[in-house]
Amino acid sequence: MYRAIAFAAWLALSSEAAAKDLGVRGAVFPVTEPDLFAEIAGKLARLEAAGAIDRINERLRQQALASAERPSPVPGLTRTDTPRRFHVDPTITVLDDIVTPDGQVIARAGERFNPLDYMPMRHTLLFFDGDDAGQVAWAKEGLHERGTLVSPILVAGPVLELTRDWERQVFFDQGGTLTTRFGITQVPARVSRDGNLLLVEEVMP
């Protein structure tokens, strides 16, 4: 007990000592570090006065337009040299309950779910390289296939230019999401419904 009292007294004295004003020891200099925001504002003002801001904005605008006109090509795809046909099962394992807006549960977490059991796939998907004249001609001909709704999807090339020329929406497989999902490694390729499976056809243009 005496040890505890002695320790508490020592702690109090130590705290008091630590809080005591010991005065100034040595020379004291004013803080001369420049204000960061003032420095940034000054630099921006100098750039703007020199016209650099306008040039930077114009360069960024041109880069954005170029990216929209011609997105980065999907990597890893080649022109079809060995045609092949195969099926893809779109069935997935549900991570969370799938519920319709009116509260109807379509599938519960952990269940296997095939979207084709519940929704139609009316469109045939055409994947092609817009920088390959043969593939462009193949896709354009496919647009007019009788009795078929077609969605043209580029994996490379000028997407906005083709949209203007064909006067219809041309899509782009950004990042290769769809070609990866369907297992496509060669283009041009066609994806259509075959019962409850997807039929993938990598064809010669």
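**Exercise 1.** In this predicted model, work out which parts of the chain are tied together by the salt bridge between D97 and R108, and whether each partner is buried or exposed or in between.

*Solution.* Begin with the contact itself: the closest N and O atoms of D97 and R108 are 3.7 Å apart, which falls within the 4 Å that a salt bridge requires. Next, place the two residues: D97 sits in the loop between β3 (92-93) and β4 (98-99), while R108 sits in the loop between β5 (105-107) and β6 (112-113), so the pair ties together parts that are eleven residues apart in sequence. Finally, consider accessibility: D97 has a relative accessibility of 41% and counts as partly exposed, and R108, at 45%, is likewise partly exposed.

**Exercise 2.** Determine where R79 and D132, which form a salt bridge, lie in the chain.

*Solution.* The closest N and O atoms of R79 and D132 are 2.4 Å apart. R79 belongs to strand β1 (residues 78-79), whereas D132 belongs to the loop between β7 (123-129) and α4 (133-143), so this salt bridge connects parts that are 53 residues apart in sequence. As for accessibility, R79 is partly exposed at 41%, but D132 is buried at 15%, because buried means under 20%.

**Exercise 3.** Find which residues are joined into one network with R190 and E201.

*Solution.* First, the side chains of R190 and E201 meet in a salt bridge of 3.5 Å, N to O. R190 lies in strand β11 (residues 189-194) and E201 in strand β12 (residues 197-202), eleven residues apart. Salt bridges with shared partners then join R85 to R190 and E201 in one network, and E201 is buried, with a relative accessible area of 14%.

Terms used: Residues numbered from 1 in each chain as written. Predicted model: local features only at pLDDT ≥ 70, side-chain atom pairs only at ≥ 80, totals over all residues. Heavy atoms only, no water. Helix = DSSP H or I, 4+ residues; strand = E, 2+ residues; numbered from the N terminus. Buried < 20%, exposed > 50% of the residue type's maximum accessible area, 1.4 Å probe, protein only.
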